[in-house]
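Visitor: I would like a close look at a single part of this protein, with its surroundings, and not a tour of the whole. Please keep it plain.

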Amino acid sequence: MTTVMKDFHEGGGWDTEGRTALHFAAAKGSLRSVQLICMANPNCINDEDNADQDTSLHLAAKNGHSEVVDFLLSDPNQKITYNGYNQNGLDVAIEAGRENVVMVIANHTRWREMCHRVEEGLTQLQHLVIKMPSAAEKFLDRCVEECGAGKDEDYSVTFDFMFLQGMPDIRKDDPKKFLDCLHTMVKYKRVNCLSHQVCGAIMNIKWRSVGWKAYVMNLTFYLIFLLLLTSMTIMLDARIEDNLVIDIPKYTIIVMSLFHLLKELFQIWDEKFKYLLKADNWMEWFLYMSSLVYMIQYEVFDNHVSVTGETRPLAATAIFIAWVIFVLYLRRFSTFGIYIIMMTNIIKTLIKIIILFIPFVIAFGIPFFLLLKKDYYEDSDTTTSSTNTNNNITAPNSTNSTAAAPQTAQRKTDTQFLFDELPYSLFTTFMLILGEMKYPHTVYKYQPIPNPWISYIIYIIFCVCMPIIIKNLLIGLSVGDVNRILQTAKMEQHAMQVELLLELERATPRRVLRKIWVAYFVDFPNRNKTWKQKLMEFGSPKRTAANQETYINPALLSISDNVQNLTAKVEQQEDKADKMSYESSKDTPPPNTRDRFKKNSQIKDSRKIKNANVDLAKFNGYRKIVEESNKIF
């Protein structure tokens, strides 16, 4: 066999498309044939065909034959070549969706030779993040190298950032695109990739070089603005002897508000339409515009600080939003920012769910307004008193009734009712839903009730349905799944940190970015850190282990077991089909009896193939369920 293969190649053994026997063996996945051909003629391993200039490595990778790819990469004569589309074996495997081949390349010692720079379009890692996130994590694992004992002071971890940044040429490529892979991870919500220690390390380096200074400066500037605005609000209606105490912070707030508005205009130019989709930006516009109006109306009259009556509600709203924005500023800190993000997510969920309150508030609020209205009882009391007057009181006693009228009016004016008007009734009903079920202040206050049956029936239904059922249901929907909320908060925190770094890099000159560019980084985690390093790490992105555990919904575990069982059945059916094809080729019946058994063998084969297809369809169905469930949970 070896002699035949050698003679075949030495004699010019190519077909019309320029393919050799090695090309066909690699494309079909025949590992034994590939081994024999390479032993007979080692020089043919790098031959290219005429069509796409593919080598045997390209064809094996394109058709998903991982064992052949592993053998060819282990051959010392194998070169990493590129076809007519400027693709090597890794690029071809990614394009064809052959994850098994990609994982073999990632585990091979020559994995770095397969990584290369892409002049246009997405990088190799970006394609992996989109199509094969597990393989992307494996490549990121290979970018980490540990040295020394885990508890030793000289224990070091070396991070290779070249593959993460797209194997760039610092002299030719745009340095503002080196972190595009992190943006791809955020876009496709790859939490495990973003949480990888390589991504955390490069974000920490960018944070220490650019992000920390800019963020601390913005936070300090906003904190000064917030304290001045708060102090000016506290000093309302206070007695002031010197006007400079008011003028200096007043004009400082005006200047800072104008500066912040200019910064918001720059963000609009930088982010375009995405700027309008963020609620934080709208809140900042309202804050700075209202602060300008508030400070313009802020004056001193007779040594007393005051503003117009119409400005006070605006000032109250401005100071409220100012402190809310300060809390949102703290989301970017890795220490406690995760809890702020969880709180905001719960508030968003409650805002969506609270829409369910509206029909119930209307359903109970209007009947309470009709049955427990003050005017309804006044009319009833007036009718009863007039009837008694006509029957029992004569004309000389009219003076007494006239004298008693002001006392009745005064008593009715002093009484406060909760359902006098429809807006009050709806608001009171909403407060009752939240659990403020004070019977002496609601229904008991209106005794005697003219229509007690319908009034008490509605009130009992309200007490059973709203505070007990609806409120507990909404609480369960909003804060019940804490693990899911935590995972979502982690994703949002990573997204905020990435967006902050990308915004800072877009605003940084390219000359500075090339100067602070880092290809490798060696970290000594066991060494003592200075107070400055600890301060910077307080707000830096957290760097977690690459093999961290993620939350998996328990409902998916049973589906995963079913998928594994179906996978085993499909593999058994494939083995039976291969065995049948081998036996049929080995034991071919004679020509005179071949037609006799042809129909029976076709029926048997079709039945077995049909059963295998049914199991395969079930397997694919369960796999789609798992993929959709992973997207949801």
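Visitor: How many of the five residues of strand E2 (residues 156-160) are buried?

Guide: Four of the five residues of E2 are buried, and the strand is mostly covered. Bear in mind that this is a predicted model, and that everything below is computed from it or, where stated, taken from a UniProt record.

Start with the partners of E2. Strand E1, residues 144-147, pairs with E2 in the antiparallel sense, and four bridges connect the two. Strand E5, residues 520-523, also runs antiparallel to E2 and is likewise joined to it by four bridges. Together they form an open sheet of three strands in the order E1-E2-E5, with antiparallel pairing. E1 and E5 are the edge strands, each pairing on one side only. On average, neighbouring strands in this sheet are turned by 15° against each other, direction ignored.

Individual residues show how the strands are lined up. Val-157 in E2 stands opposite Glu-146, and Val-157 also stands opposite Asp-523 in E5. Phe-159 has Phe-521 as its bridge partner in E5.

What lies across the sheet? Helix H12, residues 197-234, lies across E1, E2 and E5, and runs at about 85° to E2. A UniProt annotation is relevant to this part of the chain: the unreviewed entry gives "transmembrane region" for several stretches, among them 215-236 and 313-330. In the model, residues 215-236 are 91% helix and 0% strand, with the end C-alpha atoms 32 Å apart. For residues 313-330 the values are 94% helix and 0% strand, with 27 Å between the end C-alpha atoms.

Now follow the chain out of E2. The loop between E2 and helix H10 (180-187) holds Met-167 and Arg-171. Met-167 has a positive phi, near 50°, although this residue is not a glycine. Is Met-167 buried or exposed? Met-167 counts as buried because its relative accessible area is 15%, and the cut-off for buried is under 20%. Arg-171, in that loop, counts as exposed because its relative accessibility is 72%, where exposed means over 50%. Arg-171 also has a partner distant in sequence: Arg-514 is 343 residues away along the chain, yet the two C-alpha atoms are 8.4 Å apart in space. For the whole protein, 76% of the contacts between residues at least 6 apart in sequence join residues at least 24 apart.

The helices that come before E1 in the sequence are also worth a look. In helix H8, residues 124-131, the buried residues are Gln-124, Leu-125, Gln-126, Leu-128 and Val-129. In an α-helix there are 3.6 residues a turn, so residues three or four places apart point the same way. The buried residues of H8 pack against H10, the helix at the end of the loop discussed above, and also against helix H6 (89-96), helix H7 (99-107) and helix H9 (133-142).

Two of those neighbours, H7 and H9, also touch each other. Their axes come within 9 Å and cross at roughly 5°, and therefore H7 is roughly parallel to H9. The contact is made by Glu-99, Val-102, Met-103, Ile-105, Ala-106 and Asn-107 in H7, which meet Ser-134, Ala-135, Lys-138, Phe-139 and Arg-142 in H9. By type, these residues are six nonpolar, two polar and three charged.

One more positive phi can be set beside that of Met-167. Gln-53, again not a glycine, has a positive phi of about 60°. Gln-53 sits in the loop between helix H3 (31-40) and helix H4 (56-62). Gln-53 counts as partly exposed because its relative accessibility is 37%. UniProt, in the unreviewed entry, lists residues 52-74 as "repeat: ANK". Over that stretch the chain is 70% helix and 0% strand, and the end C-alpha atoms are 24 Å apart.

To set E2 in context, the protein has 26 helices and five strands. Of its 633 residues, 38% count as buried, while in E2 the count is four of five.

How values were computed: Residues numbered from 1 in each chain as written. Predicted model: local features only at pLDDT ≥ 70, side-chain atom pairs only at ≥ 80, totals over all residues. Heavy atoms only, no water. Buried < 20%, exposed > 50% of the residue type's maximum accessible area, 1.4 Å probe, protein only. Contact = heavy atoms within 4.5 Å. UniProt positions renumbered as here; feature names shortened; annotations may be inferred. Axes fitted to C-alpha atoms, helices over the stretch in contact; angles between N-to-C directions. Parallel < 35°, antiparallel > 145°, perpendicular 65-115°, else oblique. Nonpolar A, V, L, I, M, F, W, Y, C, P; charged D, E, K, R; others polar. Pairing = 2+ DSSP bridges.
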